Amino acid sequence: MDKNDDILIGLADKTGALLMINQKERELLRTILSMTVRSLSAKDWITKKLGPEYMKIAEQLLKSMGGETA
């Protein structure tokens, strides 16, 4: 494990349990979120399935992870 993999970020799962993710997992999540906030069909699907507040959550999470929303 390299030094970058030692840095973990805490996230809560749906049960409220704290999850720790490493750098590669953060990079994957950041990439997925970035694609999602730019895709009209993904935004529409998430809004219909979870509600519009979840797109705001996605944008805030992406921003907090160092990604760009626009």
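Guide: Before we start: helices here are DSSP runs of H or I with at least four residues, strands are runs of E with at least two, and both are numbered from the N terminus. Also, this is a predicted model.

Visitor: Got it. How many helices and strands are in the protein chain?

Guide: The protein chain has four helices and two strands. Going along the sequence, the pattern reads α-β-β-α-α-α.

Visitor: And where's Thr31 in that?

Guide: Thr31 sits in helix H2. With 41% relative accessibility, Thr31 is partly exposed.

Visitor: How far apart are Thr31 and Leu62, in sequence and in space?

Guide: In sequence, Thr31 and Leu62 are 31 residues apart, while their C-alpha atoms are 8.8 Å apart in space.

Visitor: Okay, and what about Lys56 and Val37, how far apart are they?

Guide: That pair is 19 residues apart in sequence, with 9.3 Å from C-alpha to C-alpha. Lys56 belongs to helix H4.

Visitor: Is Lys56 buried or exposed?

Guide: Lys56 has a relative accessible area of 56%, and the cut-off for exposed is over 50%, so Lys56 counts as exposed.

Visitor: What share of the residues of the protein chain count as buried?

Guide: 20% of the 70 residues count as buried.

Visitor: Switching to charges. How many salt bridges does a search of the whole structure find?

Guide: Just one turns up in the whole structure. Lys48 pairs with Asp44, and their closest N and O atoms are 3.2 Å apart.

Visitor: Why would two side chains like that pair at all?

Guide: In general, side chains of opposite charge can pair when their charged atoms come close.

Visitor: And how many residues apart are Lys48 and Asp44 in helix H3?

Guide: Four, and because both belong to helix H3 (residues 40-50), that spacing puts about one helical turn between Lys48 and Asp44.

Visitor: Which of the two is exposed, and which is partly exposed?

Guide: Lys48 is the exposed partner, at 66% relative accessibility. Asp44 is partly exposed, with a relative accessible area of 40%.

Visitor: Any pockets? How much space lies in the largest pocket?

Guide: About 200 Å³. Its lining is made by Leu29, Leu33, Ile46, Leu50, Tyr54, Ile57, Ala58 and Leu61. Helix H2 (23-38), H3 and H4 are the elements that each give two or more residues to that lining.

Visitor: Which element gives the largest share of the lining?

Guide: H4 does, with four residues.

Visitor: And what's the lining of the largest pocket like by class?

Guide: Eight nonpolar residues, no polar ones and no charged ones.

Visitor: Last topic, the surface. Which residues make the nonpolar surface patch?

Guide: Leu50, Tyr54 and Ile57 make the patch, which covers about 260 Å². Those residues also appear in the lining of the largest pocket.

Visitor: Where is Ile57, by the way?

Guide: Ile57 is in helix H4, which runs over residues 53-64.

Visitor: What's the relative accessible area of Ile57?

Guide: The value is 42%. Partly exposed lies between the 20% and 50% cut-offs, so Ile57 falls in that class.

Terms used. Residues are numbered from 1 along each chain as its sequence is written. This is a predicted model: local features need pLDDT of at least 70, side-chain atom pairs count only at pLDDT 80 or more; totals for chains, interfaces and linings use all residues. Side-chain values use heavy atoms; hydrogens and water are left out. A salt bridge is a side-chain nitrogen of Lys or Arg within 4 Å of a carboxyl oxygen of Asp or Glu. Buried means under 20% relative accessible area, exposed over 50%, partly exposed in between (1.4 Å probe, protein chains only). Patches are made of residues with over 30% relative accessible area and no salt bridge: like charges are joined within 9 Å, nonpolar side chains (Val, Leu, Ile, Met, Phe, Trp, Tyr) within 5 Å. Accessible areas come from the Shrake-Rupley method with a 1.4 Å probe; for residues, only the protein chains shown count as cover. On a 1 Å grid over the protein atoms alone, a cavity is a set of points where a 1.4 Å probe fits but cannot get out, and a pocket is an open set with protein on both sides within 12 Å along at least five of seven lines; lining residues have an atom within 4 Å of a point. Grid points are joined across faces, edges and corners, and a volume is the space filled by probe spheres set on the points. Ala, Val, Leu, Ile, Met, Phe, Trp, Tyr, Cys and Pro count as nonpolar, Asp, Glu, Lys and Arg as charged, and the others, Gly among them, as polar.
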